[in-house]
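This briefing goes through one protein model, topic by topic. Please look at the structure first, then read the points below against it.

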Amino acid sequence: MQLGADHVRVRVPATSANLGPGFDALGLALAIHDEVEVRLLASADVVVEVEGEGAGEVPTGAGHLVARAVRVGLDAVGAPITGLHLVCRNVIPHGRGLGSSAAAAVAGLVAARGLIADPSALDEATVLALATELEGHPDNAAPAILGGATVAWTPDARSGFSADDDGPAPARAVRLDVHPDLVATVVIPTTRLATSHARGVLPTHVPHADAAANSGRAALLVEALTRRPDLLFDATHDLLHQRYRADVMPGTWRLVDALRRQGLAAVVSGAGPSALVLTTPSAAADLDAVLESEVDLRRWRVERPSIAPTGATVERL
Ligand SMILES: Nc1ncnc2c1ncn2[C@@H]1O[C@H](COP(=O)(O)OP(=O)(O)OP(=O)(O)O)[C@@H](O)[C@H]1O
Ligand SMILES: N[C@@H](CCO)C(=O)O
């Protein structure tokens, strides 16, 4: 594959995964965007400038996640691997359960799409498969690519192989049109929690009754997100991951519990420690009153981004 451009700009949304019972499967795109410019260099150097979130913390060379993902994308289609100059303007907070790492992986892969002569070689399905390999699970990558809400899955994920055993099965996803009344409120703490840590505290087995109840709620959540926001409270009840993570995010656990006691559809956003509350516009006023009494604004901030209808976009410059 030849290269077709040498300078592109990508925008990619934040995402909230799980949405309660949809562990590693459901996700929602939020209109908080990172922007990355990628320019090809004649030399083999990788130079990364970072503004905003992660500045002074993330690597500024070939180990930078966006740079790695650009190269994974180019490599996947047999395009020449060149030096890169990246300018990252980051707004999505890191390590808060708002999909920053998936956004970085998707941004790099979608930048690669913009750089190659035939962008269709890195279509949405291919980008999802590659991003899932980088991330380990598809639930943030899917809405970062498709926008709206998504249901992602990996065929025969337990074995890691597809039915004909021809290698690991790529992740797949479908996009849902979110009900226009859905309002997403994120409550973001100043503290961070690495996803790897939050995954490390999960049990290897759960009671069958919990798994059964969770399946029903996850199915109901698809209906609640798309057609019946009045069902959001029941539909966001989770038994698979949140309570097992309470000890590594006690403040989040308390906040989610307090909000749910008021009948609000609060969940841990992704692997935490942010909380996500899904309401309709009329209930958002009730939520504000509860947040006023429950949230210490020295340690948390509240944002109400719109649902991002589209996922990552790339333009040639
Ligand atoms: N824009 C970025 N550029 C480079 N590295 C990033 C970027 N965003 C995230 N990372 C890397 O990923 C880490 C955060 O990933 P992690 O999976 O722990 O949290 P998250 O993606 O923000 O949350 P979650 O997966 O629960 O939604 C950062 O500490 C950083 O190393
Ligand atoms: N499903 C993932 C989302 C975080 O990337 C988890 O909860 O660990």
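Leu-19 counts as buried because 30 C-beta neighbours lie inside 10 Å of it, and 20 or more are enough for that label. The model is a predicted one. The points below start with Leu-19 and other backbone details, then move to the domains, the two ligands, two helices and one strand residue.

**Backbone details**

- Leu-19 is found in the loop that runs between strands S1 and S2.
- The phi angle of Leu-19 is near 55°, which is a positive value in a residue other than glycine.
- Most residues other than glycine have a negative phi, and most peptide bonds are trans.
- Asp-24 also has a positive phi, near 65°, and is likewise a residue other than glycine.
- Asp-24 lies in strand S2.
- Asp-24 counts as partly exposed because it has 19 C-beta neighbours inside 10 Å, where a buried residue needs 20 or more.
- Between Gly-272 and Pro-273 the peptide bond is cis, and its omega is near 5°.
- Pro-273 sits in the loop between strand S8 (265-268) and strand S9 (275-279).

**The two domains**

- The chain is divided into domain 1, made of 7-176 + 307-316, and domain 2, made of 183-303.
- A distance of 24 Å separates the C-alpha centres of domain 1 and domain 2.
- In the contact between them, domain 1 takes part with 24 residues and domain 2 with 27 residues.
- On the side of domain 1 that touches domain 2, strand S1 (7-18), S2 and S5 each supply at least two residues.
- S2 gives the most to that side of domain 1, with six residues.
- Sorted by class, the side of domain 1 that touches domain 2 has 14 nonpolar, nine polar and one charged residues.
- In UniProt, an unreviewed entry carries the annotation "domain: GHMP kinase N-terminal" for residues 65-148.
- Over residues 65-148 the chain is 55% helix and 10% strand, with its end C-alpha atoms 24 Å apart.

**Around ligand 1**

- Ligand 1 is surrounded by 24 residues, and the closest are Ser-100, Ser-101, Thr-195, Gly-270 and Ala-271.
- Helix H1 (65-76), strand S4 (83-90) and helix H2 (100-115) are the elements that give two or more residues to this shell.
- H2 provides the largest share of the shell around ligand 1, four residues.
- By class, the shell around ligand 1 has ten nonpolar, twelve polar and two charged residues.
- Domain 1 and domain 2 each give at least three residues to the shell around ligand 1.

**Around ligand 2**

- Ligand 2 is surrounded by 13 residues, and the closest are Ala-17, Asp-24, Thr-195, Gly-270 and Ala-271.
- The elements giving two or more residues to this shell are S1, S2 and helix H5 (195-200).
- H5 provides the largest share of the shell around ligand 2, three residues.
- The shell around ligand 2 has four nonpolar, six polar and three charged residues.
- Here too, domain 1 and domain 2 each give at least three residues to the shell around ligand 2.

**Helices H3 and H6**

- Helix H3 covers residues 124-135, twelve in number, and spans 16 Å from its first C-alpha to its last, close to the 16 Å expected.
- The buried residues of H3 are Val-127, Leu-128, Leu-130, Ala-131, Thr-132 and Glu-135.
- These buried residues of H3 pack against H1, H2, helix H4 (141-146) and S6.
- Gly-136, just after H3, takes a positive phi of about 100°.
- Helix H6 covers residues 208-226, 19 in number, and reaches 28 Å from its first C-alpha to its last, close to the 27 Å expected.
- The buried residues of H6 are Asn-214, Arg-217, Ala-218, Leu-221, Ala-224 and Leu-225.
- The cover over the buried residues of H6 includes strand S2 (22-41), strand S5 (149-153), strand S6 (172-176) and helix H7 (232-235).

**Arg-11 in strand S1**

- Arg-11 has its place in strand S1.
- Is Arg-11 buried or partly exposed? Arg-11 counts as partly exposed because it has 19 C-beta neighbours inside 10 Å, and 20 or more would be needed for buried.
- Beyond its neighbours within four places in sequence, Arg-11 is in contact with His-33, Glu-35, Ala-312 and Thr-313.
- Arg-11 and Ala-103 are 92 residues apart in sequence, while their C-alpha atoms are 9.2 Å apart in space.

Definitions and conventions
Residues numbered from 1 in each chain as written. Chains lettered and ligands numbered in written order. Predicted model: local features only at pLDDT ≥ 70, side-chain atom pairs only at ≥ 80, totals over all residues. Expected span 1.5 Å × (residues − 1). Buried ≥ 20, exposed ≤ 12 C-beta atoms within 10 Å, placed from the backbone. Contact = placed C-beta atoms within 7 Å. Domains from an automatic or database assignment. Nonpolar A, V, L, I, M, F, W, Y, C, P; charged D, E, K, R; others polar. Near = placed C-beta within 6 Å. UniProt positions renumbered as here; feature names shortened; annotations may be inferred.
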